[in-house]
Amino acid sequence: MTGSPLLLDCDILVGHDVTTGRWGQPEKVREVLDASGIAGGVVSALRAVHFDVPSGNDEARKVAEGNGWSSCPVLDLRDPLGAEKELERQLSGDAPPRAVRLAPTAQSVEPGYPSFGHVVQLLVDAGLTIFTEGDVRKVGPALRGLGARVVFLDTHFYYLGDFVVMARSEPGFHTSTRMLTGPDSLEIVAAEVGSERLVLGCRTPFHETRSVVRRLLTSKLGPDEIAQAGSRSLETLLEPAC
């Protein structure tokens, strides 16, 4: 393709990864994005995922504002009442979020738990896009039939068929490109449900950002499809619901 498409990462993380001991320092994240040709994206804080939701979400907002990115607050699925309060705080701010990140695996909350369904319904009612971690085969069914706008951040190419089967009947279902590294995996999604269901996601700086970008740019998708997955899908998902 000619020229370089605008690239935005829907899966940026800052803070301490307690599972690996690695840190996502904001200035290092910026360096990785620049080196990978990514203009910006959506950032969440690991502090909000693991420890303290309000202070973590404030940290993400501060990083986003300092870099011209968008922030994506996290809600604690282990505490549905606290999630209600945090969502109310987020929506009452000067710049309400257009998306919220959920981390059921990191917070040890199964999709069948009442708290998960309660928080998801709050987000659907608020017209927010849901970025969710976790196995698409487990999380996806819990989000069907709600009219939810969702980006599955951890769709593995082994389970690509599970995503496609659900996405055919769920127009709001999207997938991050991060783990779709199998043969023709991006091309299969585009052919089956459209390139608008693909969203560039790299989990910068905790994944191989350059590899994810290269996979997209060297795919068999057409230039317009690459531009769609590279940034336009995310931009649309961050628009207010009609």
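**Figure 1. Phe131 is buried, with a relative accessibility of 1%.** The model shown here and in the other views is predicted. Phe131 sits in strand 6, which covers residues 129–132. Its relative accessibility falls under the 20% cut-off, so Phe131 counts as buried. Which residues does Phe131 contact, apart from neighbours within four places in sequence? Cys10, Val42 and Cys72 are among them. So are Ala99, Val100, Arg101 and Leu102. Val151, Leu153, Leu234 and Leu238 complete the list. Cys10 is 121 residues away from Phe131 in sequence. In space, the C-alpha atoms of Phe131 and Cys10 are 8.5 Å apart.

**Figure 2. Ser231 in helix 10 touches Leu6 and Leu8.** Helix 10 spans residues 223–237. Is Ser231 buried or exposed? Ser231 is buried, with a relative accessible area of 5%. Residues up to four places away in sequence are not counted among its contacts here. Ser231 and Leu8 are separated by 223 residues in sequence. Their C-alpha atoms lie 5.1 Å apart.

**Figure 3. The largest nonpolar core holds 52 residues.** In soluble globular proteins, nonpolar side chains tend to be buried together. Which residues have the most contacts inside this largest core? They are Leu102, Leu123 and Leu143. Take Leu143, leaving aside its neighbours within four places in sequence. Leu143 is in contact with Phe116, Val120, Ile130 and Thr132. Leu143 also contacts Ala148, Val150, Phe152 and Phe173. A second core, separate from the largest one, has 11 residues. This second core includes Cys72, Val151, Val199 and Leu237.

**Figure 4. Helix 4 packs against helix 5.** Two packed helices are described by the angle between their axes and the distance between the axes. Helix 4 runs over residues 80–91, and helix 5 over residues 114–125. The angle is about 15°, and the axes are 10 Å apart. Angles under 35 degrees count as roughly parallel, so helix 4 and helix 5 are roughly parallel to each other. Their crossing is right-handed. Helix 4 brings Pro80, Ala83, Glu84 and Leu87 to the contact. Helix 5 meets them with Ser115, His118, Val119, Leu122 and Leu123. By class, the residues of this contact are 6 nonpolar, 2 polar and 1 charged. Leu123 also appears in Figure 3, as one of the residues with the most contacts inside the largest core.

**Figure 5. Helix 7 packs against helix 8.** Helix 7 covers residues 160–169, and helix 8 covers 185–193. How far apart are the axes of helix 7 and helix 8? The axes are 10 Å apart, at an angle of about 15°. Helix 7 and helix 8 are therefore roughly parallel to each other. Helix 7 crosses helix 8 in a right-handed way. On the helix 7 side, the contact has Leu160, Phe163, Val164, Ala167 and Arg168. On the helix 8 side, it has Ser185, Ile188, Val189, Glu192 and Val193. The contact residues divide into 7 nonpolar, 1 polar and 2 charged.

**Figure 6. Helix 1 packs against helix 9.** Helix 1 covers residues 26–36, and helix 9 covers 209–217. The packing angle is about 30°, and the axes lie 9 Å apart. Helix 1 and helix 9 are therefore roughly parallel to each other. Helix 1 passes helix 9 in a right-handed crossing. Val32, Ala35 and Ser36 come from helix 1. Thr209, Arg210 and Val213 meet them from helix 9. The residues of this contact are 3 nonpolar, 2 polar and 1 charged.

**Figure 7. The loop between strand 9 and helix 9 contains Arg203 and Pro205.** Most residues other than glycine have a negative phi, and most peptide bonds are trans. Arg203 has a positive phi of about 50°, although it is not a glycine. Arg203 is buried, with a relative accessible area of 14%. The peptide bond from Thr204 to Pro205 is cis, with omega near 5°. Strand 9 covers 198–199.

**Figure 8. Asp184 has a positive phi, near 60°.** Asp184 is a residue other than glycine. Where does Asp184 lie? Asp184 is in the loop between strand 8 (173–176) and helix 8 (185–193). Its relative accessibility is 33%, so Asp184 counts as partly exposed.

Definitions and conventions: Residues are numbered from 1 along each chain as its sequence is written. This is a predicted model: local features need pLDDT of at least 70, side-chain atom pairs count only at pLDDT 80 or more; totals for chains, interfaces and linings use all residues. Side-chain values use heavy atoms; hydrogens and water are left out. A nonpolar core is a set of buried Ala, Val, Leu, Ile, Met, Phe, Trp, Tyr and Cys residues joined through side-chain atoms within 4.5 Å. Buried means under 20% relative accessible area, exposed over 50%, partly exposed in between (1.4 Å probe, protein chains only). Contact means heavy atoms within 4.5 Å. Axes are lines fitted to C-alpha atoms, for helices over the stretch in contact, and angles run from 0 to 180 degrees between N-to-C directions. Helices (H or I, at least four residues) and strands (E, at least two) are DSSP runs, numbered from the N terminus. Angles under 35 degrees count as roughly parallel, over 145 as roughly antiparallel, 65 to 115 as roughly perpendicular and the rest as oblique. A crossing is left-handed if the near helix is turned anticlockwise from the far one by less than a right angle, and right-handed if clockwise. Ala, Val, Leu, Ile, Met, Phe, Trp, Tyr, Cys and Pro count as nonpolar, Asp, Glu, Lys and Arg as charged, and the others, Gly among them, as polar.
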